Amino acid sequence: MFPAVIPNLARQGRVTDRTVAFYAERAAGGVALVVSEGLFVHGSSVPPPTGLPAFDPANFDGFQRIAEAVESQDCRMVGQLFHMGRQQLWTPGAASPLGVSSRPDPFRWTVPHVMSISEIAMVVEAFVASAATLRRAGFSGVEVHAAHGHLITQFLSSWSNTREDEYGGDLDGRTRFLREVLAGIRTECGPDFLLGLKMPGDELVDGGITPSESARILQRVSSETPVDYVGFGQGNSSLSFGDHLPDMHYPTGPYLRTQRELRAGSDAPVVAFGRITSAAEAEAVVRDGTGDLVGLGRLLLADPGFPAKVQSGREDAVQPCIYCNACWAEVTQGRTIACVTNPRLGTTGEAAPQVKPALTKRRVTVVGAGVAGLRTAAAAAGRGHEVTLLAGQLGGKARLESQLPGRRDIAKALDYQQRQAVEHGVRIELDVFATEERVLAERPDTVVLATGSRMVRPLGLDADSEPGTSVRDYLDEVDCTGGDLVDGTAVLYDFDHTGGTYAVADLLAQRYRHVTILTPRPHLGDGVPYLNLLGVYRRLYEAGVRIVPSSEPVLCKDNVVRYANVFTGETTEVEDVRLFTWSTPREPNDELAAPLAAGGMEVHLVGDAYSPRSMLAAIHEAQTLAERL
Ligand SMILES: Cc1cc2nc3c(=O)[nH]c(=O)nc-3n(C[C@H](O)[C@H](O)[C@H](O)COP(=O)(O)OP(=O)(O)OC[C@H]3O[C@@H](n4cnc5c(N)ncnc54)[C@H](O)[C@@H]3O)c2cc1C
Ligand SMILES: Cc1cc2nc3c(=O)[nH]c(=O)nc-3n(C[C@H](O)[C@H](O)[C@H](O)COP(=O)(O)O)c2cc1C
Ligand code: SF4
C-alpha cells in the first residue's frame with residue numbers, strides 16, 4: 001500500500017488535476033490501497049493553501065474525482081484524517097493552535113490554547129463529519145492519524161497530556177479522545193467502511209509512549225472499536241522527529257522488530273512500514289509475520305511502477321529511492337513535492353512513462369558521466385538518438401559521495417542510470433578526458449557538456465597560506481574503506497552545508513583523533529532537511545567533533561589553522577593540523593562550451609556545468625534537456 005504523503009499539490013485548499021494524478025498514478029502502478037495525504041478535519045488545525053481541508057464542502061467534487069480515479073483501478077482509496085494540535089508546521093498566523101495542555105510544541109515552541117471540553121467535542125465531531133464526507137465521495141475508508149506527535153498523540157502521551165479532567169490522567173482518560181473518534185466514525189459510516197489507525201509506536205523520548213505503552217493503548221481502543229488495520233509511526237516533533245522518516249544513514253527496516261512486538265496489542269491486520277527498500281524486504285515482512293500489508297512511501301514516490309515492475313520480474317528497472325528526504329524538505333518549506341530521482345512525480349503517465357520518440361535521429365555526444373551526464377545520455381538514447389558518452393569514470397561527485405559513511409544509497413541512483421544507459425544503447429567511452437578535438441572527432445550534431453564543477457579555494461585565506469585541499473580532491477585520493485587513525489586534527493571548512501559535506505566530517509571523525517568544523521554561518525546544515533540534520537548533529541557530537549560556528553579560516557601554515565570570527569574578527573588557532581580541507585561554493589567546468597559553440601556546434605550545458613547546485617537539479621534538468629533534443 002501507499003501510505004499517507006502530503007504532496008502540496010492543492011492550490012487555495014482545493015484538489016487540483018495534479019492531486020488526482022498523484023493518487024491515480026500510485027494506483028496505476030499496482031498497489032492494493034492508497035492512503036491520502038493527511039486531510040485537515042477542522043479549521044483549528046490550519047491548512048496551508050497547498051493542503052486539503054476535508055471539512056470544506058468546496059472540495060467534495062475533488063474528493064469524488066480522487067476516489068473515482070483510484071477505485072476504478074481496482075485499488076482502495078482511504079482518506080487520512082488528522083488534526084495537528086499544537087504541532088503546526090505551518091505558521092498559523094493569527095489563529096492559535098489548539099492543544100491538549102499548555103506544554104509547548106517541541107518543534108516550533110508554540111504554546112497552544114488548551115482545549116475546553118466543548119472544543120474537544122467539536123473536534124471529535126469534525127473527525128466524524130470528515131469521515132462521512134469522504135464516504136459520500138466514494139472513498140473506501142479512512143485512516144485516523146494518531147501518530148507523529150499530532151493532536152491524538154498529544155492526548156495519548158503523558159509526555160504531552162497533563163490534563164486533570166476525564167481526557168487526561170490514566171490510560172482510560174488519555175485514550176478517551178481517540179476512542180470517541182473511532183466509535184463516532186464506526187457508528188456514522190457503518191461496519192463496511194474501512195477504518196484504519198496510524199498509532200504512535202514509539203515516541204522515542206523519555207516519558208513518552210514506548211512500544212509496551214503503545215500496545216496497551218491499542219488493546220484499550222480496539223477492544224471497544226475494532227479497526228480494520230493498524231500501522232505504527234515512530235517519533236514526534238522533538239529530537240526524535242527524524243525517526244518517522246528514517247534517512248539513508250539508518251539501517252533498512254529499522255522499526256520492524258518494534259512493529260513485530262506491537263502486533264500483540266490487537267488482532268487487526270498490521271501495516272509494516274519504514275524504510276522497506278526492496279521486494280525481498282517487503283516479502284520477508286509478510287512471510288515472517290511482521291506485517292500483513294506493507295507500506296511503501298518514498299519508494300513509491302520515486303517509482304510508482306514498483307509493484308508492476310516487480311511482478312513482471314523487472315525490479316532492476318525500478319527508479320530507486322535514495323532516502324535523502326529532499327521530498328519532505330520541499331513539502332515542509334511550502335513547495336510542491338519533488339523527488340531527486342523522479343522528475344515526473346505527480347504527472348499523468350508517471351507510473352509507466354511513454355517515451356516520445358525523437359522526430360529526427362541525431363548524433364549526440366555527452367561529456368561527463370555524473371548524474372547529469374548519465375541521465376541525459378540514457379533519456380536521449382531512449383528517444384532514439386545515437387548517443388556517445390565520454391567520461392573519465394562513471395558517477396562523478398555522486399559516486400564519490402556514495403562511498404562515504406551512510407551514503408551508500410546514492411550509488412543505487414547511479415547504478416540505475418548506468419543500467420538505463422546501457423539498455424538504451426549508449427556507447428560509453430571511459431578513461432577519456434575530452435578535449436575540443438576529441439569531441440569533434442565524434443562528428444556530433446549536438447554536444448551536451450555535463451562536466452560538473454570544481455570547488456574554489458576559500459577566498460579569505462592569506463596569500464602566504466598553504467592552500468589545503470578541497471573535499472572533492474581529498475575524496476579522490478582517500479580510501480574510504482579503512483586506514484589507521486591519524487594523531488592530530490583534521491579541520492573541515494564548511495561553506496557548503498549539504499549532507500555530503502557532513503558525511504565527509506563523519507569519515508574524518510573515523511580517521512583523525514580530533515576534527516574541527518569551521519563554518520561562516522551561526523549554525524550548520526542549511527542545505528540539509530531538518531529531519532536529517534538531527535542525525536547529522538547527533539553523529540558529530542557523539543564522535544566528539546568540535547563545531548565552531550561564525551568562523552572562517554584566514555591562514556593554514558606549518559600545521560596551524562588560524563580562523564577569524566566573522567562578526568568580531570577575533571582570531572583563534574588550531575594546532576597540530578594534519579589535514580585542512582574545504583567544501584566551498586563551486587564554479588562550473590564549462591571551458592569547452594565557448595570553443596565548440598564558436599565552431600558552430602550546438603552545445604548544451606547541464607547540471608553543475610550549467611550552474612553548480614544539487615543532484616535534484618542536475619537530474620531534473622538532464623531529463624528536461626533530453627526530452628527537448
Ligand atoms: C562535497 C559535496 C557534497 C555534496 N552533497 C550533496 C548533497 O548532500 N545533496 C545534493 O543533492 N547534492 C550534493 N552535492 C552536489 C551534487 O553532488 C552535484 O550537484 C551533482 O552530483 C552534480 O552532478 P553533475 O553530473 O552535474 O556533475 P559531476 O557529478 O561533477 O559530474 C561531472 C563529471 O564530468 C567529468 N568531466 C569533467 N570534464 C570532463 C572532460 N573534459 N572529459 C570527460 N569528463 C569530464 C568529471 O570528472 C565528473 O566525473 C554535493 C557536492 C559536493 C562536492
Ligand atoms: C513528503 C512526505 C510527507 C508525508 N506526509 C505524511 C502524512 O501526511 N501523514 C502521515 O501519517 N505520514 C506522512 N508521511 C510519512 C509516510 O506515511 C511514511 O510513514 C514514511 O514515509 C515512512 O515510510 P517509507 O520509509 O516507506 O517512506 C510523509 C512522508 C513524506 C516523505
Ligand atoms: S526525494 Fe529522496 S527520499 Fe524522497 S522519494 Fe525521492 S529519492 Fe526518496
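1. Helix 1 passes helix 2 in a right-handed crossing. In this predicted model, helix 1 covers residues 17-28 and helix 2 covers residues 60-71. The two pack at an angle of about 20°, and their axes lie 8 Å apart. Angles under 35 degrees count as roughly parallel, and helix 1 and helix 2 are therefore roughly parallel to each other.

2. A second packed pair joins helix 12 (residues 371-382) to helix 20 (residues 615-628). Their axes are 8 Å apart and meet at an angle of about 25°. Helix 12 and helix 20 are therefore also described as roughly parallel to each other. The crossing in which helix 12 passes helix 20 is right-handed.

3. Helix 12 also packs against helix 14, which spans residues 409-423. Here the angle is about 30°, with the axes 8 Å apart. That angle makes helix 12 roughly parallel to helix 14. The crossing of helix 12 and helix 14 is left-handed, whereas helix 12 passes helix 20 in a right-handed crossing.

4. The remaining points concern ligand 3. Where does ligand 3 sit? Ligand 3 occupies the second largest cavity.

5. The residues that surround ligand 3 include Arg298 and Leu301, the run Cys321, Ile322, Tyr323, Cys324, Asn325, Ala326 and Cys327, and also Cys339 and Val340. Which helices each supply at least two residues of this shell? They are helix 9 (298-302) and helix 11 (326-332).

6. By class, nine residues of the shell around ligand 3 are nonpolar, one is polar and one is charged. Arg298 is the charged member of the shell and Asn325 the polar one. Cys counts as nonpolar in this grouping, so Cys321, Cys324, Cys327 and Cys339 fall among the nonpolar residues of the shell.

Notes:
Residues are numbered from 1 along each chain as its sequence is written. Chains are lettered from A and ligands numbered from 1 in the order in which they are written. This is a predicted model: local features need pLDDT of at least 70, side-chain atom pairs count only at pLDDT 80 or more; totals for chains, interfaces and linings use all residues. Side-chain values use heavy atoms; hydrogens and water are left out. A residue is near a molecule or strand if one of its heavy atoms lies within 4 Å of it. On a 1 Å grid over the protein atoms alone, a cavity is a set of points where a 1.4 Å probe fits but cannot get out, and a pocket is an open set with protein on both sides within 12 Å along at least five of seven lines; lining residues have an atom within 4 Å of a point. A molecule sits in a cavity or pocket if more than half of its atoms lie within 2 Å of its grid points. Helices (H or I, at least four residues) and strands (E, at least two) are DSSP runs, numbered from the N terminus. Axes are lines fitted to C-alpha atoms, for helices over the stretch in contact, and angles run from 0 to 180 degrees between N-to-C directions. Angles under 35 degrees count as roughly parallel, over 145 as roughly antiparallel, 65 to 115 as roughly perpendicular and the rest as oblique. A crossing is left-handed if the near helix is turned anticlockwise from the far one by less than a right angle, and right-handed if clockwise.
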